Amino acid sequence: MRSLIPPVFCLTLTAALIWPAGELAAFSTIGGSLSQSQRDFRVYNNFSDANSNENTVEHPNFPGALGAEMSIWKACVEWSSRTYSDGTGDPAQNGSLGSGDADFDPYWAGNASGVGNSNDNIMSPVNSCGAGVLAYCETPISNGWRIRFCEGHTWDDGPGYSLFGYCLQGVACHEYGHALGLGHSTVNIATMYPTISGSGIGQRSISDDDIAGVQYVYGTADSNKCEVTGAEVVGNTITISGNNFSSNSNEVWFTRAAVTSTGSNPRLRVQGLSSSGGGTTIAVTIPSEAGPGVVMVKRSGSGGDDLSNPWPTDLIEEGLCDPDYYCTAAVNSTGGGAYIAHGGTLSASAADLSFDCYGLPANQYGVFYYGAAQSSTAFGNGVRCVSAGGVGTFRLPVVQSGSLGSVSYVLDFNSPPVSSGPGALSAGSTWYFQYWYRDPQAGGANFNLTDALGGTFCP
Ligand SMILES: [Zn+2]
């Protein structure tokens with residue numbers, strides 16, 4: 001039981017809070033806003049506690065990031081103008097990720113080499129804080145910010161939580177609200193309410209009041225806003241689709257692959273790009289410095305509406321050694337669905353495909369299986385997404401979820417059915433994978449299934 005609830009505290013808030021006009025407004029602002037050139041955020045991940053980096057399950061919306069980086073990335077993109085990709089990645093979210101609907105979008109710029117100065121836009125832990133302080137944000141506002149998480153507390157990156165830990169994502173979402181110009185709210189369900197209840201998971205999802213606040217500072221995103229709706233990689237070219245790009249003088253921003261030094265500008269921009277299709281398509285050669293992360297389009301202009309929402313990409317050609325996700329993760333006894341994710345590739349020679357599932361009931365048995373065709377059939381408490389397709393379905397060895405409700409499995413490419421016979425994962429063969437698991441606490445059929453992934457194996 002948590003009897004004391006430390007306040008989430010922001011250093012500069014003692015100076016002046018500025019309430020907007022209108023008696024009913026419950027959010028507050030600290031005055032000022034982040035310019036278009038200050039939308040980058042980075043992480044210096046030197047959290048000393050293992051709880052901060054427990055999440056080793058990849059998610060396609062956060063390519064290249066695990067642990068604290070993924071947690072903070074999720075926290076910031078919740079403030080995006082548009083639903084972030086397909087909106088998935090956080091089963092605890094009320095609705096989908098990307099709820100701001102303002103002319104404001106954050107830019108995941110990767111890892112920094114240190115804590116940086118108070119305007120380097122880096123989140124990191126700090127050894128000591130004042131009594132009762134969980135985290136704080138230093139906000140020179142228009143010139144940037146710095147956010148620190150106090151190491152006197154245990155920070156949980158999720159999805160598991162320690163007994164006295166705090167939700168890194170939830171608190172980061174609150175602190176990033178300060179960075180973008182919001183003060184505290186009087187609405188007790190708002191992310192910007194000055195104290196948190198429980199571990200702070202509820203703060204992950206911004207409320208109507210927080211949305212009104214970010215819209216007050218940056219303006220409501222209108223239909224003319226620069227917007228990205230997809231990105232597809234073929235070879236070393238990424239083609240970005242969306243709306244309201246300029247006919248020329250566009251920029252595409254990438255996440256850098258390398259750790260960047262604290263004082264450097266982390267933005268990786270390709271400039272002078274033309275669009276086609278009436279401002280709906282931009283094709284650009286992927287720069288060698290780019291890594292898995294996001295792309296954003298900036299059309300000509302310096303307004304918040306001239307910079308698009310972020311779109312995730314691993315910069316790997318879709319369908320070429322990279323599986324597609326499909327089907328439905330039905331609600332289980334945890335209150336959400338359980339999802340399958342992958343590591344490695346659909347490459348027969350690389351033989352590096354692995355699976356992770358999360359959102360599972362804890363300590364329950366299950367089995368990965370695969371087949372030659374997709375399906376969508378009610379089965380148990382969930383949906384069966386894989387069928388034999390005239391070839392067959394094949395079970396892999398039984399595994400068990402851990403106390404955090406996740407399971408990992410590395411395919412053994414040297415043993416049947418993966419290596420030989422009709423179930424061999426050979427180049428040119430097409431396979432779909434899903435996880436079946438026991439869920440006695442849900443009742444019903446006492447079992448359920450994740451969503452699914454698969455595709456054609458390359459050499
Ligand atoms: Zn605060």
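Biologist: How many bridges join strand 4 to strand 5, and do they run parallel or antiparallel?
Modeller: Keep in mind that this is a predicted model. Strand 4 covers residues 135-138, and one of its bridges puts Glu-138 opposite Arg-146 of strand 5. Strands 4 and 5 are joined by four bridges, and they run antiparallel.

Biologist: And in which sense does strand 3 pair with strand 5?
Modeller: Strand 3 takes in residues 122-126, and its Val-126 has Cys-150 of strand 5 as bridge partner. There are five bridges between strand 3 and strand 5, and the sense is parallel.

Biologist: Which residues of strand 5 sit on each side, and are they buried or exposed?
Modeller: Strand 5 spans residues 146-150, and five of its five residues are buried. One side holds Arg-146, Arg-148 and Cys-150, the other Ile-147 and Phe-149. Both faces are covered, so to the cut-off of under 20% relative accessible area, the word for these residues is buried.

Biologist: Let's go to the metal. Which residues are the protein donors of the zinc ion?
Modeller: The donor spacing in sequence reads H-x3-H-x5-H. Each donor uses its NE2 atom, at 2.0 to 2.1 Å from the zinc ion. Of these, His-178 and His-184 are both buried. The donors are His-174, His-178 and His-184.

Biologist: Why is helix 2 described as largely enclosed by the rest of the structure?
Modeller: Helix 2 runs over residues 168-179 and reaches 16 Å from first C-alpha to last, close to the 16 Å expected. Its buried residues include His-174, Glu-175 and His-178. It is largely enclosed because the buried count is 12 of the 12 residues.

Biologist: Which residue follows helix 2 with a positive phi?
Modeller: Helix 2 has 12 residues, 168-179. The phi of the residue in question is near 120 degrees, and that residue is Gly-181.

Biologist: What covers the buried residues of helix 1?
Modeller: Helix 1 is mostly covered, with 11 of its 11 residues buried. Among them are Met-70, Ile-72 and Trp-73. The cover includes strand 1, strand 2, strand 3, strand 5, helix 2 and strand 13.

Biologist: Is Asn-51 buried or exposed?
Modeller: Asn-51 lies in the loop between strand 1 and helix 1. Leaving out residues up to four places away in sequence, it touches Thr-154, Trp-155, Asp-156, Asp-157 and Ser-162. Its relative accessibility is 18%, so Asn-51 counts as buried.

Biologist: Which element gives the largest share of the lining of the largest pocket?
Modeller: The largest pocket has a volume of about 880 Å³. Its lining has 38 residues, with Pro-60, Asn-61, Asp-314, Glu-318 and Tyr-325 nearest the centre. Elements giving two or more residues to that lining are strand 8, strand 14, strand 15 and strand 16. The largest share, four residues, comes from strand 16.

Biologist: What is the relative accessible area of Ser-300?
Modeller: Ser-300 is found in the loop between strand 13 and strand 14. Not counting residues up to four places away in sequence, Ser-300 touches Ser-246, Ser-249 and Asp-306. It is partly exposed, with a relative accessible area of 40%.

Biologist: How many Å apart in space are Ser-300 and Lys-225?
Modeller: In sequence, Ser-300 and Lys-225 are 75 residues apart. In space, C-alpha to C-alpha, the value is 12 Å.

Definitions and conventions
Residues numbered from 1 in each chain as written. Predicted model: local features only at pLDDT ≥ 70, side-chain atom pairs only at ≥ 80, totals over all residues. Heavy atoms only, no water. Donors = N, O, S within 2.8 Å, 3.2 Å for Na, K, Ca; no water. Buried < 20%, exposed > 50% of the residue type's maximum accessible area, 1.4 Å probe, protein only. Pairing = 2+ DSSP bridges. Expected span 1.5 Å × (residues − 1). Contact = heavy atoms within 4.5 Å. 1 Å grid on protein atoms, 1.4 Å probe; cavity = no way out; pocket = protein on both sides within 12 Å on 5 of 7 lines; lining within 4 Å. Points joined across faces, edges and corners; volume = space filled by probe spheres on them.
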